Amino acid sequence: MVKCRKATVSDVDRIISKIQSGSFSLDLLPLDPLQAQNLDEEEMAKFVESEYSPSLSKAVDDGRLLVSEESGGLTGYSLSHSKGEGRWVISALDVDTGLHKAGIGSGLAEKTLEHLRDKGGRMAEVSPAAGVHKFWEKMGFRPMKKGKRLERRL
Ligand SMILES: CC(C)(COP(=O)(O)OP(=O)(O)OC[C@H]1O[C@@H](n2cnc3c(N)ncnc32)[C@H](O)[C@@H]1OP(=O)(O)O)[C@@H](O)C(=O)NCCC(=O)NCCS
């Protein structure tokens, strides 16, 4: 069973250092692909620290950041935000690159859905990263009528 919990302030630094060391993905950062392409390594590191880190800290305060862990080490995290009227967006769900396909992502996704349900959510949506459609379909998500997003009832 995947051990998940709400993130604390000290988890934010742990997540950031795992992004910077390549264990967590850079692809989930809120950057458009063109912007991402134009940033060199140093600028990307600066973006992660100055922009992503505060948004993760804010999510800790709001209870929107969950982490999974094993033997005291972080194995993954999920970040969500509300669109209002019971609709939530899972904006990031990431598992340590060395630990893929071991059930951590689905465990963390289940816990995230449960958490959003507990927060009064009724629908969840995701914008699947390239090649991850199947994963979300396995989690019960289906295409929305418009656009490329997937959704499911909570
Ligand atoms: C997507 C991700 C979270 C999946 O995590 P994981 O721990 O590898 O997933 P699981 O082991 O729980 O897999 C659950 C099921 O989805 C399938 N699956 C996992 N990743 C998949 C992928 N990239 N493509 C297709 N199927 C995938 C698994 O094979 C498994 O199927 P099974 O139950 O039939 O064996 C992980 O690959 C990841 O962190 N990717 C980088 C970040 C990312 O793209 N996140 C999604 C943002 S939209």
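**Group meeting: helix H1, the nonpolar core and the ligand shell**

Helix H1 is followed by Gly22, whose phi is positive, near 90 degrees. I begin at this point, and I should state at once that we are looking at a predicted model.

Let me turn to H1 itself. The helix has 12 residues, and from its first C-alpha to its last it reaches 18 Å, close to the 16 Å expected at 1.5 Å a residue. Which residues of H1 are buried? They are Asp11, Val12, Ile15, Lys18 and Ile19. These residues cover an arc of only 130 degrees around the axis, and therefore they lie on the same side of H1. Val9 and Ser10, on the other side of the helix, are exposed. As for what covers the buried residues of H1, the list includes H3, E2 and E3.

That brings me to the core. In soluble globular proteins, nonpolar side chains tend to be buried together. Here, the largest nonpolar core has 29 residues, and those touching the most other members are Leu56, Leu65, Leu66 and Tyr77. Two or more residues come from each of helix H1 (9–20), helix H3 (41–62), strand E2 (65–70), strand E3 (73–84), strand E4 (87–95), helix H4 (104–118) and strand E5 (123–126). Consider Tyr77 in detail: leaving aside residues up to four places away in sequence, Tyr77 touches Ala7, Ile15, Leu65, Leu66, Val67 and Asp94. Ile15, one of these contacts, is also one of the buried residues of H1.

Next, the ligand. There are 20 residues around the ligand, of which His100, Gly105, Ser106, Ala129 and Lys134 come nearest. The elements that give two or more residues to this shell are E4, H4 and helix H5 (133–138). By type, the shell divides into 10 nonpolar, 6 polar and 4 charged residues.

I close with two backbone angles. Most residues other than glycine have a negative phi. Where, then, is Ser71 found? Ser71 sits in the loop between E2 and E3, and its phi is positive, about 45 degrees, although Ser71 is not a glycine. Ser71 counts as exposed because it has 6 C-beta neighbours inside 10 Å, and the cut-off for that class is 12 or fewer. The second case is Lys101, in the loop between E4 and H4. Lys101 is likewise a residue other than glycine with a positive phi, here near 60 degrees. With 9 other C-beta atoms within 10 Å, Lys101 is exposed.

Terms used
Residues numbered from 1 in each chain as written. Predicted model: local features only at pLDDT ≥ 70, side-chain atom pairs only at ≥ 80, totals over all residues. Core = buried A, V, L, I, M, F, W, Y, C linked by C-beta atoms within 7 Å. Buried ≥ 20, exposed ≤ 12 C-beta atoms within 10 Å, placed from the backbone. Helix = DSSP H or I, 4+ residues; strand = E, 2+ residues; numbered from the N terminus. Contact = placed C-beta atoms within 7 Å. Near = placed C-beta within 6 Å. Nonpolar A, V, L, I, M, F, W, Y, C, P; charged D, E, K, R; others polar. Expected span 1.5 Å × (residues − 1). Arc of directions from axis to C-beta.
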